[in-house]
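Grab a pencil: here are a few short exercises on strands and a sulfur bond, each worked through in steps.

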Amino acid sequence: QVQLVESGGGLVQAGGSLRLSCAASGRTFSTYAMGWFRQAPGKEREFVAVIRWSAGSTYYADSVKGSFTISRDNVKNTVYLQMNSLKPEDTDVYYCASSQQIFGIDSVYSRSPAYDYWGQGTQVTVSS
């Protein structure tokens, strides 16, 4: 089992920045990738970004490229999502997820079934 705890959400004005953190504990040695997703009420969960745990390579949704940056600290078992130039449409609950599955193609990690464990989510609200 892997436990994931997100933090760092909150209220920010449009154009502002936030950094989300996701601390992993438990069987983290089996983690191959960690990702961020977001979801608004009544909508499907949307992929944001993923990072391969060992290699550090990243893959982003087109909607956040250039604005969001995913990174990880292997020692702290923590993944981060730096969000800059935030817009009201970025308002969502943000979830981190851990994958213990190995895929050769980055885009596979943009799909929810690629992940085995999920955090409880953290609310991000961007005011106009």
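Two strands pair if DSSP finds at least two bridges between them; strands (E, at least two residues) and helices (H or I, at least four) are DSSP runs, numbered from the N terminus. The model is predicted, so local features need pLDDT of at least 70 and side-chain atom pairs count only at pLDDT 80 or more, while totals for chains, interfaces and linings use all residues. Residues are numbered from 1 along each chain as its sequence is written, and side-chain values use heavy atoms, leaving out hydrogens and water.

**Exercise 1.** Work out how strand 5 pairs with strand 4.

- Sense: strand 4 (residues 33-39) runs antiparallel to strand 5, with six bridges.
- Register: A33 has R52 in strand 5 as its bridge partner.
- Link: six residues sit between the strands of this hairpin, and G42 takes a positive phi near 80 degrees.

**Exercise 2.** Now do the other partner, strand 6.

- Sense: strand 5 and strand 6 (residues 58-60) are antiparallel over three bridges.
- Register: A49 is bridged to Y60 in strand 6.
- Link: the hairpin has five residues between its strands, and G56 in the turn shows a positive phi of about 80 degrees.

**Exercise 3.** Is strand 5 largely enclosed or not?

- Cut-offs: buried means under 20% relative accessible area, exposed over 50%, partly exposed in between (1.4 Å probe, protein chains only).
- Count: six of the seven residues in strand 5 (residues 46-52) are buried, so the rest of the structure largely encloses this strand.

**Exercise 4.** Find the disulfide (a pair of cysteine sulfur atoms within 2.5 Å).

- Pair: C22 and C96 are joined, S to S 1.9 Å.
- Reach: C22 belongs to strand 3 (residues 18-26) and C96 to strand 9 (residues 92-99), so the bond ties together parts 74 residues apart in sequence.
- Setting: C22 is buried at 0% relative accessibility, and C96 is buried at 0% too.
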